[in-house]
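This report walks through one structure, starting at its ligand and moving outward. Have the model open alongside the text.

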Amino acid sequence: MSLSFSEILHQEQFSRNDLTRMLGSEGEDRSMLFARSSEIKQKFVGNKVFYRGLIEFSNICAKDCLYCGIRKSNGEVDRYNLSDDEIVGAARFAYENNYGSIALQSGELESPAFTERVSKLLRKIKNISDGKLGITISLGEQNEEVYREWFEAGAHRYLLRIESSNPDFYRTIHPQDDLHRFERRLESLRLLQKTGYQTGTGVMIGLPGQTLAHLADDLLFIRDLDIDMVGMGPYIEHANTPLASRNNELIPLLDRFDLSLKMVASLRILIKDINIAAATALQAIDPLGREKAIKIGANIIMPNITPGMYRDSYSLYENKPCTDDSAEDCKGCLEARLNLADADIGYGEWGDSPHFALRNAKGDI
Ligand code: SAM
(Lines give C-alpha, C1' and ligand atoms only; values in the text may rest on other atoms or scores of the structure.)
Protein backbone atom coordinates (compact mmCIF):
# COMPACT_ATOMS: atom_id res chain seq x y z
CA MET A 1 0.00 0.00 0.00
CA SER A 2 1.44 3.36 -0.91
CA LEU A 3 1.81 6.01 1.78
CA SER A 4 0.27 9.48 1.63
CA PHE A 5 2.71 12.40 1.44
CA SER A 6 1.97 13.31 5.05
CA GLU A 7 2.71 9.72 6.15
CA ILE A 8 6.00 9.81 4.24
CA LEU A 9 7.02 12.99 6.08
CA HIS A 10 6.34 11.39 9.46
CA GLN A 11 8.44 8.26 8.92
CA GLU A 12 11.67 7.56 10.79
CA GLN A 13 13.49 6.09 7.77
CA PHE A 14 13.55 7.55 4.28
CA SER A 15 14.21 5.81 0.98
CA ARG A 16 15.63 7.41 -2.14
CA ASN A 17 12.09 7.40 -3.56
CA ASP A 18 10.68 9.21 -0.54
CA LEU A 19 13.35 11.89 -0.82
CA THR A 20 12.84 12.27 -4.57
CA ARG A 21 9.15 12.78 -3.89
CA MET A 22 9.91 15.39 -1.23
CA LEU A 23 12.24 17.25 -3.59
CA GLY A 24 9.64 17.22 -6.35
CA SER A 25 6.73 18.32 -4.13
CA GLU A 26 4.47 21.15 -5.28
CA GLY A 27 1.43 23.00 -3.94
CA GLU A 28 -0.02 21.56 -0.75
CA ASP A 29 2.65 18.86 -0.50
CA ARG A 30 5.38 21.50 -0.67
CA SER A 31 3.69 23.48 2.13
CA MET A 32 3.47 20.28 4.20
CA LEU A 33 7.17 19.60 3.61
CA PHE A 34 8.14 23.06 4.88
CA ALA A 35 5.76 22.86 7.85
CA ARG A 36 7.24 19.49 8.88
CA SER A 37 10.85 20.66 8.51
CA SER A 38 10.17 23.83 10.57
CA GLU A 39 8.55 21.72 13.27
CA ILE A 40 11.55 19.36 13.41
CA LYS A 41 13.96 22.27 13.44
CA GLN A 42 12.18 23.85 16.43
CA LYS A 43 12.17 20.56 18.29
CA PHE A 44 15.76 19.47 17.68
CA VAL A 45 17.85 22.64 17.27
CA GLY A 46 15.46 25.37 18.44
CA ASN A 47 14.98 28.91 17.29
CA LYS A 48 18.57 30.09 17.54
CA VAL A 49 20.68 31.03 14.57
CA PHE A 50 24.46 31.06 14.97
CA TYR A 51 26.87 33.32 13.14
CA ARG A 52 30.07 32.38 11.36
CA GLY A 53 31.71 35.66 10.31
CA LEU A 54 33.01 34.77 6.85
CA ILE A 55 36.49 35.95 5.88
CA GLU A 56 37.26 35.15 2.22
CA PHE A 57 40.93 35.90 2.61
CA SER A 58 42.22 35.05 -0.87
CA ASN A 59 40.79 34.17 -4.28
CA ILE A 60 44.04 32.62 -5.50
CA CYS A 61 43.25 29.03 -6.43
CA ALA A 62 45.22 26.14 -7.90
CA LYS A 63 42.08 24.36 -9.08
CA ASP A 64 40.06 24.71 -12.22
CA CYS A 65 36.55 23.57 -11.28
CA LEU A 66 34.38 24.03 -14.35
CA TYR A 67 31.67 26.00 -12.52
CA CYS A 68 33.70 28.37 -10.35
CA GLY A 69 34.38 32.05 -11.09
CA ILE A 70 37.71 32.06 -9.24
CA ARG A 71 39.07 29.00 -11.09
CA LYS A 72 42.75 29.23 -11.96
CA SER A 73 42.18 29.70 -15.69
CA ASN A 74 39.85 32.68 -15.33
CA GLY A 75 42.23 35.48 -16.33
CA GLU A 76 39.53 38.14 -15.83
CA VAL A 77 39.65 38.00 -12.01
CA ASP A 78 41.73 40.46 -9.96
CA ARG A 79 43.58 38.14 -7.62
CA TYR A 80 43.98 39.26 -4.00
CA ASN A 81 45.43 37.95 -0.80
CA LEU A 82 44.56 39.76 2.44
CA SER A 83 47.46 40.61 4.73
CA ASP A 84 47.68 38.81 8.08
CA ASP A 85 46.76 42.08 9.79
CA GLU A 86 43.62 42.46 7.68
CA ILE A 87 42.55 38.89 8.47
CA VAL A 88 43.20 39.23 12.19
CA GLY A 89 41.43 42.64 12.08
CA ALA A 90 38.32 41.02 10.58
CA ALA A 91 38.45 38.28 13.23
CA ARG A 92 38.74 40.97 15.92
CA PHE A 93 35.62 42.64 14.48
CA ALA A 94 33.77 39.31 14.82
CA TYR A 95 34.98 38.86 18.39
CA GLU A 96 34.14 42.41 19.47
CA ASN A 97 30.70 42.16 17.91
CA ASN A 98 29.97 38.89 19.67
CA TYR A 99 29.68 36.76 16.54
CA GLY A 100 30.85 33.69 18.45
CA SER A 101 32.64 32.14 15.45
CA ILE A 102 34.38 32.94 12.21
CA ALA A 103 34.87 30.95 9.01
CA LEU A 104 38.11 31.31 7.07
CA GLN A 105 37.84 30.48 3.39
CA SER A 106 40.06 30.87 0.34
CA GLY A 107 40.90 29.28 -2.98
CA GLU A 108 42.60 25.91 -2.72
CA LEU A 109 46.36 25.88 -2.28
CA GLU A 110 48.65 23.16 -0.98
CA SER A 111 52.12 24.21 0.07
CA PRO A 112 54.25 24.28 3.22
CA ALA A 113 54.16 28.10 3.16
CA PHE A 114 50.34 28.14 2.99
CA THR A 115 50.07 25.56 5.79
CA GLU A 116 52.41 27.55 7.99
CA ARG A 117 50.63 30.83 7.29
CA VAL A 118 47.22 29.42 8.20
CA SER A 119 48.59 27.83 11.40
CA LYS A 120 50.08 31.16 12.43
CA LEU A 121 46.81 32.97 11.71
CA LEU A 122 44.79 30.43 13.68
CA ARG A 123 47.04 30.82 16.71
CA LYS A 124 46.86 34.62 16.46
CA ILE A 125 43.08 34.63 16.21
CA LYS A 126 42.78 32.30 19.19
CA ASN A 127 45.14 34.60 21.05
CA ILE A 128 43.33 37.89 20.40
CA SER A 129 40.00 36.34 21.39
CA ASP A 130 41.25 34.63 24.51
CA GLY A 131 40.36 31.30 22.92
CA LYS A 132 36.72 32.36 22.78
CA LEU A 133 36.16 32.71 19.04
CA GLY A 134 35.13 29.43 17.37
CA ILE A 135 36.91 28.80 14.06
CA THR A 136 35.62 26.97 11.00
CA ILE A 137 37.99 26.63 8.06
CA SER A 138 37.23 25.82 4.45
CA LEU A 139 40.56 25.44 2.72
CA GLY A 140 40.05 22.47 0.46
CA GLU A 141 41.84 19.16 0.11
CA GLN A 142 45.00 18.79 2.18
CA ASN A 143 47.09 15.98 3.64
CA GLU A 144 46.27 14.43 6.99
CA GLU A 145 49.27 16.13 8.65
CA VAL A 146 48.04 19.53 7.50
CA TYR A 147 44.53 18.89 8.82
CA ARG A 148 46.07 17.84 12.15
CA GLU A 149 48.36 20.88 12.32
CA TRP A 150 45.44 23.27 11.76
CA PHE A 151 43.28 21.41 14.26
CA GLU A 152 46.00 21.69 16.87
CA ALA A 153 46.42 25.40 16.04
CA GLY A 154 42.78 26.04 16.95
CA ALA A 155 40.39 25.25 14.08
CA HIS A 156 37.66 22.87 15.18
CA ARG A 157 35.21 22.81 12.28
CA TYR A 158 36.01 22.15 8.60
CA LEU A 159 33.76 22.65 5.62
CA LEU A 160 34.56 20.73 2.44
CA ARG A 161 31.72 20.41 -0.02
CA ILE A 162 31.68 17.15 -1.97
CA GLU A 163 29.85 19.20 -4.68
CA SER A 164 28.12 16.03 -5.90
CA SER A 165 28.27 12.62 -4.23
CA ASN A 166 27.94 10.79 -7.54
CA PRO A 167 31.46 10.09 -8.88
CA ASP A 168 30.33 10.03 -12.53
CA PHE A 169 28.39 13.25 -12.20
CA TYR A 170 31.31 14.84 -10.29
CA ARG A 171 33.49 14.15 -13.32
CA THR A 172 31.15 16.16 -15.56
CA ILE A 173 31.77 19.34 -13.54
CA HIS A 174 35.51 18.99 -12.94
CA PRO A 175 38.57 18.61 -15.17
CA GLN A 176 39.82 15.03 -15.52
CA ASP A 177 43.18 15.24 -13.76
CA ASP A 178 44.89 14.45 -10.49
CA LEU A 179 43.96 17.78 -8.90
CA HIS A 180 40.24 17.11 -9.23
CA ARG A 181 39.71 13.52 -8.13
CA PHE A 182 36.40 12.61 -6.48
CA GLU A 183 38.15 9.88 -4.48
CA ARG A 184 40.55 12.34 -2.88
CA ARG A 185 37.73 14.70 -1.92
CA LEU A 186 35.87 11.83 -0.27
CA GLU A 187 39.02 10.61 1.48
CA SER A 188 39.62 14.17 2.73
CA LEU A 189 36.22 14.16 4.44
CA ARG A 190 37.13 10.91 6.19
CA LEU A 191 40.48 12.34 7.30
CA LEU A 192 38.77 15.43 8.71
CA GLN A 193 36.45 13.26 10.78
CA LYS A 194 39.35 11.11 11.93
CA THR A 195 41.30 14.21 12.99
CA GLY A 196 38.41 15.28 15.21
CA TYR A 197 36.87 18.18 13.32
CA GLN A 198 33.17 18.83 13.25
CA THR A 199 32.93 18.00 9.61
CA GLY A 200 30.79 19.77 7.08
CA THR A 201 30.02 19.06 3.47
CA GLY A 202 27.45 20.03 0.87
CA VAL A 203 26.52 20.14 -2.78
CA MET A 204 25.47 22.60 -5.45
CA ILE A 205 21.84 22.40 -6.49
CA GLY A 206 20.50 22.77 -10.02
CA LEU A 207 23.68 21.96 -11.95
CA PRO A 208 23.30 21.11 -15.65
CA GLY A 209 22.43 17.42 -15.99
CA GLN A 210 21.62 16.98 -12.29
CA THR A 211 18.42 15.07 -11.46
CA LEU A 212 16.24 14.84 -8.34
CA ALA A 213 17.57 11.30 -7.89
CA HIS A 214 21.14 12.66 -7.81
CA LEU A 215 20.10 15.12 -5.09
CA ALA A 216 18.25 12.45 -3.10
CA ASP A 217 21.44 10.38 -3.22
CA ASP A 218 23.41 13.41 -2.01
CA LEU A 219 21.17 13.61 1.05
CA LEU A 220 21.65 9.89 1.74
CA PHE A 221 25.41 10.31 1.29
CA ILE A 222 25.42 13.06 3.95
CA ARG A 223 23.50 10.78 6.31
CA ASP A 224 25.65 7.73 5.67
CA LEU A 225 28.89 9.64 6.19
CA ASP A 226 27.59 10.87 9.56
CA ILE A 227 28.25 14.50 8.67
CA ASP A 228 27.82 17.16 11.40
CA MET A 229 27.10 20.26 9.35
CA VAL A 230 26.00 21.10 5.84
CA GLY A 231 26.32 24.10 3.57
CA MET A 232 24.57 23.69 0.24
CA GLY A 233 23.03 26.12 -2.16
CA PRO A 234 21.94 26.81 -5.72
CA TYR A 235 24.39 26.62 -8.58
CA ILE A 236 24.60 30.06 -10.18
CA GLU A 237 26.21 30.31 -13.57
CA HIS A 238 29.32 32.42 -14.16
CA ALA A 239 29.98 33.62 -17.70
CA ASN A 240 33.78 33.11 -17.56
CA THR A 241 33.60 29.40 -16.82
CA PRO A 242 33.42 26.33 -19.08
CA LEU A 243 30.13 25.21 -17.53
CA ALA A 244 28.46 28.36 -18.90
CA SER A 245 28.40 26.58 -22.28
CA ARG A 246 25.65 24.39 -20.79
CA ASN A 247 23.44 27.26 -19.58
CA ASN A 248 20.71 26.13 -22.00
CA GLU A 249 20.28 22.95 -19.88
CA LEU A 250 19.61 24.85 -16.65
CA ILE A 251 16.27 25.10 -14.90
CA PRO A 252 15.26 28.75 -14.20
CA LEU A 253 17.01 30.49 -11.28
CA LEU A 254 13.83 30.69 -9.22
CA ASP A 255 13.32 26.94 -9.60
CA ARG A 256 16.91 26.36 -8.46
CA PHE A 257 16.14 28.54 -5.47
CA ASP A 258 13.00 26.60 -4.64
CA LEU A 259 14.76 23.28 -5.07
CA SER A 260 17.47 24.48 -2.67
CA LEU A 261 14.84 25.24 -0.03
CA LYS A 262 13.38 21.75 -0.55
CA MET A 263 16.87 20.27 -0.12
CA VAL A 264 17.29 22.13 3.19
CA ALA A 265 13.84 21.03 4.38
CA SER A 266 14.37 17.39 3.34
CA LEU A 267 17.80 17.29 4.99
CA ARG A 268 16.36 18.68 8.24
CA ILE A 269 13.71 15.94 8.18
CA LEU A 270 16.27 13.23 7.32
CA ILE A 271 18.94 14.24 9.89
CA LYS A 272 17.29 16.21 12.62
CA ASP A 273 20.16 17.47 14.78
CA ILE A 274 22.81 18.74 12.37
CA ASN A 275 23.83 22.32 11.68
CA ILE A 276 22.60 23.56 8.31
CA ALA A 277 23.87 26.83 6.85
CA ALA A 278 21.66 29.20 4.89
CA ALA A 279 23.90 29.56 1.81
CA THR A 280 24.88 33.02 0.60
CA ALA A 281 24.04 31.95 -2.97
CA LEU A 282 20.34 31.88 -1.96
CA GLN A 283 20.52 35.61 -1.40
CA ALA A 284 21.93 36.15 -4.88
CA ILE A 285 18.56 34.95 -6.22
CA ASP A 286 16.13 36.28 -3.61
CA PRO A 287 17.03 39.18 -1.28
CA LEU A 288 15.37 37.30 1.59
CA GLY A 289 16.70 33.93 0.48
CA ARG A 290 18.75 33.11 3.55
CA GLU A 291 15.95 34.10 5.91
CA LYS A 292 13.57 31.81 4.02
CA ALA A 293 16.03 28.93 4.50
CA ILE A 294 16.23 29.74 8.22
CA LYS A 295 12.43 29.53 8.49
CA ILE A 296 12.27 26.04 7.04
CA GLY A 297 15.31 24.35 8.55
CA ALA A 298 18.67 26.13 8.47
CA ASN A 299 20.25 27.39 11.72
CA ILE A 300 23.62 28.86 10.66
CA ILE A 301 24.32 32.06 8.78
CA MET A 302 27.65 33.32 7.48
CA PRO A 303 27.72 37.12 7.42
CA ASN A 304 30.48 38.28 5.12
CA ILE A 305 33.07 40.24 7.12
CA THR A 306 35.78 40.26 4.43
CA PRO A 307 36.99 43.87 4.11
CA GLY A 308 34.62 45.44 1.51
CA MET A 309 37.18 46.39 -1.12
CA TYR A 310 38.04 42.72 -1.76
CA ARG A 311 34.55 41.30 -1.86
CA ASP A 312 33.91 41.97 -5.52
CA SER A 313 36.87 39.83 -6.48
CA TYR A 314 35.64 36.71 -4.67
CA SER A 315 32.97 36.28 -7.30
CA LEU A 316 32.27 32.57 -7.49
CA TYR A 317 29.09 33.28 -9.45
CA GLU A 318 27.17 36.21 -10.94
CA ASN A 319 25.24 38.70 -8.79
CA LYS A 320 27.01 37.75 -5.54
CA PRO A 321 25.19 39.79 -2.85
CA CYS A 322 26.47 42.46 -0.43
CA THR A 323 29.79 42.99 -2.18
CA ASP A 324 29.56 46.75 -1.58
CA ASP A 325 28.69 46.66 2.12
CA SER A 326 31.01 47.04 5.07
CA ALA A 327 30.93 44.45 7.86
CA GLU A 328 29.15 47.06 10.04
CA ASP A 329 26.39 47.54 7.42
CA CYS A 330 25.92 43.78 7.15
CA LYS A 331 25.53 43.40 10.89
CA GLY A 332 22.59 45.82 11.29
CA CYS A 333 20.92 44.61 8.13
CA LEU A 334 21.16 40.93 9.01
CA GLU A 335 19.91 41.40 12.54
CA ALA A 336 16.75 43.10 11.22
CA ARG A 337 16.21 40.38 8.64
CA LEU A 338 16.60 37.57 11.15
CA ASN A 339 14.12 39.26 13.46
CA LEU A 340 11.68 39.14 10.58
CA ALA A 341 12.29 35.41 10.27
CA ASP A 342 11.44 35.03 14.01
CA ALA A 343 14.94 33.77 14.77
CA ASP A 344 17.02 34.57 17.86
CA ILE A 345 20.70 35.17 17.27
CA GLY A 346 23.06 33.09 19.42
CA TYR A 347 25.44 35.98 20.06
CA GLY A 348 28.73 35.01 21.64
CA GLU A 349 28.05 31.26 21.32
CA TRP A 350 29.92 28.72 19.22
CA GLY A 351 26.70 27.00 18.24
CA ASP A 352 28.32 23.63 17.69
CA SER A 353 26.41 20.90 15.91
CA PRO A 354 24.28 18.87 18.37
CA HIS A 355 24.88 15.91 16.05
CA PHE A 356 28.61 16.15 16.75
CA ALA A 357 28.03 16.30 20.51
CA LEU A 358 25.98 13.11 20.29
CA ARG A 359 28.59 11.37 18.13
CA ASN A 360 31.17 12.40 20.72
CA ALA A 361 29.12 11.06 23.61
CA LYS A 362 28.65 7.73 21.81
CA GLY A 363 32.42 7.51 21.43
CA ASP A 364 32.31 7.42 17.61
CA ILE A 365 35.05 10.02 17.40
N1 SAM B 1 38.30 25.93 -2.21
C2 SAM B 1 37.61 25.66 -1.01
C3 SAM B 1 36.90 24.34 -1.09
O4 SAM B 1 36.64 23.83 -2.16
O5 SAM B 1 36.57 23.79 -0.07
C6 SAM B 1 36.65 26.76 -0.64
C7 SAM B 1 36.33 27.78 -1.67
S8 SAM B 1 35.16 27.27 -2.88
C9 SAM B 1 35.14 28.63 -3.96
C10 SAM B 1 33.64 27.35 -1.99
C11 SAM B 1 32.40 26.77 -2.64
O12 SAM B 1 31.88 27.66 -3.61
C13 SAM B 1 32.59 25.51 -3.43
O14 SAM B 1 32.65 24.40 -2.57
C15 SAM B 1 31.38 25.50 -4.37
O16 SAM B 1 30.35 24.65 -3.90
C17 SAM B 1 30.90 26.96 -4.33
N18 SAM B 1 30.78 27.49 -5.70
C19 SAM B 1 31.76 27.66 -6.62
N20 SAM B 1 31.25 28.09 -7.78
C21 SAM B 1 29.91 28.21 -7.62
C22 SAM B 1 28.82 28.59 -8.47
N23 SAM B 1 29.03 28.94 -9.74
N24 SAM B 1 27.57 28.59 -7.96
C25 SAM B 1 27.35 28.24 -6.67
N26 SAM B 1 28.33 27.86 -5.82
C27 SAM B 1 29.60 27.84 -6.29
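## The ligand and its surroundings

By class, the ligand's shell holds 10 nonpolar, four polar and four charged residues. The model is predicted, not experimental. Of the 18 residues around the ligand, the ones that come nearest are E108, R161, E163, R185 and I236.

Which side chains come within polar contact range of the ligand's oxygen atoms? E163 has a side-chain N or O atom 2.6 Å from an oxygen atom of the ligand. E108 offers a side-chain N or O atom at 2.9 Å from a ligand oxygen. For R185, an N or O atom of the side chain is also 2.9 Å from an oxygen atom of the ligand. The ligand, taken alone, exposes 570 Å², and the protein buries 93% of that area. The space that the ligand takes is the largest cavity.

## Two positive phi angles

Turn next to the backbone. Most residues other than glycine have a negative phi. Two loop residues are worth checking against that background.

N98 has a phi near 65 degrees, a positive value in a residue that is not glycine. N98 sits in the loop that runs between helix 4 (84-96) and strand 3 (101-106). Is N98 buried or exposed, or partly exposed? Its relative accessibility is 42%, so N98 counts as partly exposed.

D226 also has a positive phi, of about 60 degrees, although it is not a glycine. D226 belongs to the loop between helix 9 (212-224) and strand 8 (229-234). D226 counts as partly exposed because its relative accessibility is 26%.

## Around helix 9

Several other residues lie in helix 9 or in the loops beside it. Begin with the loop between strand 7 (204-205) and helix 9, where Q210 is found. Q210 counts as buried, because its relative accessibility is 15% and the cut-off for buried is under 20%.

Which backbone nitrogens does the side chain of Q210 reach? One is the backbone nitrogen of G206, at 2.6 Å. Another is the backbone nitrogen of L207, at 3.0 Å.

I222 is in helix 9 itself. With 1% relative accessibility, I222 counts as buried. D228 lies in the loop between helix 9 and strand 8. At 0% relative accessibility, D228 counts as buried. D226 is in the loop between helix 9 and strand 8 too, but D226 counts as partly exposed, at 26%.

## Helix 4 and helix 1

R92 is part of helix 4. Its relative accessible area is 37%, so R92 is partly exposed. N98 lies in the loop between helix 4 and strand 3, and N98 is likewise partly exposed at 42%.

Close to the start of the numbering is S6, in helix 1 (residues 5-9). S6 has a relative accessible area of 30% and is therefore partly exposed.

## Sequence separation and distance in space

How far apart in space are residues that are separated along the chain? The table gives C-alpha to C-alpha values for four pairs.

| Pair | Separation in sequence | C-alpha to C-alpha distance |
|---|---|---|
| R92 and S129 | 37 residues | 7.3 Å |
| D228 and T280 | 52 residues | 19 Å |
| I222 and N47 | 175 residues | 23 Å |
| S6 and E335 | 329 residues | 34 Å |

Place these pairs on the elements already described. R92, from helix 4, is 7.3 Å from S129. D228, from the loop between helix 9 and strand 8, is 19 Å from T280. I222, from helix 9, is 23 Å from N47. S6, from helix 1, is 34 Å from E335.

## In brief

The ligand takes the space of the largest cavity. The protein buries 93% of the 570 Å² that the ligand exposes when taken alone. Side chains of E108, E163 and R185 each place an N or O atom by a ligand oxygen, at the distances given above. Phi is positive at N98 and at D226. Q210, I222 and D228 count as buried.

Definitions and conventions
Residues numbered from 1 in each chain as written. Predicted model: local features only at pLDDT ≥ 70, side-chain atom pairs only at ≥ 80, totals over all residues. Heavy atoms only, no water. Near = heavy atom within 4 Å. Polar contact = N/O pair within 3.5 Å; in protein donor to acceptor, adjacent residues only side chain to side chain. Areas by Shrake-Rupley, 256 points an atom, 1.4 Å probe, with all protein chains shown as cover. 1 Å grid on protein atoms, 1.4 Å probe; cavity = no way out; pocket = protein on both sides within 12 Å on 5 of 7 lines; lining within 4 Å. Sits in = over half its atoms within 2 Å of the grid points. Nonpolar A, V, L, I, M, F, W, Y, C, P; charged D, E, K, R; others polar. Helix = DSSP H or I, 4+ residues; strand = E, 2+ residues; numbered from the N terminus. Buried < 20%, exposed > 50% of the residue type's maximum accessible area, 1.4 Å probe, protein only.
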